[in-house]
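Here is a short set of exercises on helix packing, each with a worked solution. Keep the structure open beside you as you go.

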Amino acid sequence: MLRVLCVVALSGGVAFGQGQPKEKPKGIAPTHANVKYGEHPRQVLDFYKAKSDTPTPLVFCIHGGGWMGGDKSGYRTSADRYLKAGISVAAINYRLIPQALEAKIDPPVKAPLTDAARALQFVRSQAKEWNIDPTRIGATGSSAGACSSLWLLYHDDMADPKSMDPIARESTRLMCAAVNGAQTTLDPKVVREWMPNARYGGHSMTIPGKYSTPELFQAFLDKRDDLLPLIREYSPASHVTPDDPPAFLDYGSQKKPPVKGEEQADPTHSALYGMILMETQTDNKPEMILSYPGKPHEKYKNAIEYLIGTLKK
């Protein structure tokens, strides 16, 4: 089975729902900008090509922003670190929840997640033209981008070998993921058991209310049983199997080690999400590295170091 190496996503730094940067992006310019991988205006990506005579690894970047905002331009500042290491970069935009609601996509989180899968397939389809090694693709992201990255990492391959569309025939599998502040499950019952002040996730399932509030979360919890099949389909932790690739989960923004059952200063990005994932399987689970204050990794200080170290092996 074809595998890819890693996934990473970072926030784009724009207001929710807008999806475009307010000022000129900082950092290096992409080799190819706003390459279309679909028909929607948000279905575009930037590609940064590393100089090499042989096919290079690639980091696949999914921006954060709660699936409500953000932009791929936030990766212009970090792309240079990968390029200097001989690793190419693809940073994607995708349809946000407001666009999914407008298109009556149910649940709305399906739009950003399936867009990420399609963008990955498109990038792999360009492997020869862009000098990419399709067996060494890594992904990365923060917050919602991290959740999307882990969903790709653990989900069964979504390639359709019988499709008339050559892009749809490409694999969606990854070899590893390195993410920041990831939500590992959308199940409100599980999250509330770990964090009394949990408030994230209802907007992903079309629960009426303002984004990420206690009231919205309670409405989500009240409807949880009816929504459980969809919650499981779009939660990374639901898809973990022993043969999955390794993941590096960094919660370095936390101010102190997390404690199960205690209120969290930042419940949306708490390391308790990482602990929930670690407990998904106790036997024969894939490699999962969890890093947070008080428990740093002995070798890798952050997701970028993990990706470079893994992709360049």
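**Exercise 1.** How are α7 and α8 oriented relative to each other?

*Solution.* Bear in mind that this is a predicted model.
- Step 1: Find helix α7 at residues 214-222 and helix α8 at residues 224-233. Their axes come within 6 Å and cross at roughly 90°.
- Step 2: Angles from 65 to 115 degrees count as roughly perpendicular. α7 and α8 are therefore roughly perpendicular to each other.
- Step 3: Now look at who touches whom. Phe-220, Leu-221 and Asp-222 of α7 make the contact with Arg-224, Leu-227 and Ile-231 of α8.
- Step 4: Sorted by class, this contact has four nonpolar and two charged residues, and no polar ones.

**Exercise 2.** Work out which residues join α1 and α10, and how these helices are oriented.

*Solution.*
- Step 1: Helix α1 covers residues 76-84 and helix α10 covers residues 303-311; their axes come within 10 Å and cross at roughly 30°.
- Step 2: The cut-off for roughly parallel is an angle under 35 degrees, so α1 is roughly parallel to α10.
- Step 3: The handedness of the α1 and α10 crossing is right-handed.
- Step 4: From α1, the residues Ser-78, Arg-81 and Tyr-82 meet Ile-304, Glu-305, Leu-307 and Ile-308 of α10. The contact of α1 with α10 divides into four nonpolar, one polar and two charged residues.

**Exercise 3.** Describe the packing of α3 and α5, including the classes of residue in the contact.

*Solution.*
- Step 1: Helix α3 (residues 110-125) packs against helix α5 (residues 144-154) at an angle of about 60°, and the axes are 10 Å apart.
- Step 2: The crossing of α3 and α5 is right-handed.
- Step 3: On the α3 side, the contact uses Leu-113, Thr-114, Ala-116, Ala-117 and Leu-120; on the α5 side, it uses Ser-148, Trp-151 and Leu-152.
- Step 4: Tallying these classes gives six nonpolar, two polar and no charged residues.

**Exercise 4.** Step back to the whole protein: how compact is it, and where does pLDDT stay under 50?

*Solution.*
- Step 1: The protein has ten helices and nine strands.
- Step 2: Its radius of gyration is 18 Å, close to the 20 Å that the globule rule gives for 313 residues, so the protein is as compact as a globular protein of that length.
- Step 3: The C-alpha trace spans about 55 × 45 × 45 Å along its principal axes.
- Step 4: Mean pLDDT is 91, with 92% of residues reaching 70 or more. Residues 1-21 are where pLDDT stays under 50. Predicted coordinates should not be read in detail where pLDDT is low.

Terms used
Residues numbered from 1 in each chain as written. Predicted model: local features only at pLDDT ≥ 70, side-chain atom pairs only at ≥ 80, totals over all residues. Heavy atoms only, no water. Axes fitted to C-alpha atoms, helices over the stretch in contact; angles between N-to-C directions. Helix = DSSP H or I, 4+ residues; strand = E, 2+ residues; numbered from the N terminus. Parallel < 35°, antiparallel > 145°, perpendicular 65-115°, else oblique. Contact = heavy atoms within 4.5 Å. Nonpolar A, V, L, I, M, F, W, Y, C, P; charged D, E, K, R; others polar. Left-handed = near helix turned anticlockwise from the far one by under 90°. pLDDT = per-residue confidence, 0-100. Rg over C-alpha atoms; globule rule 2.2 N^0.38 Å.
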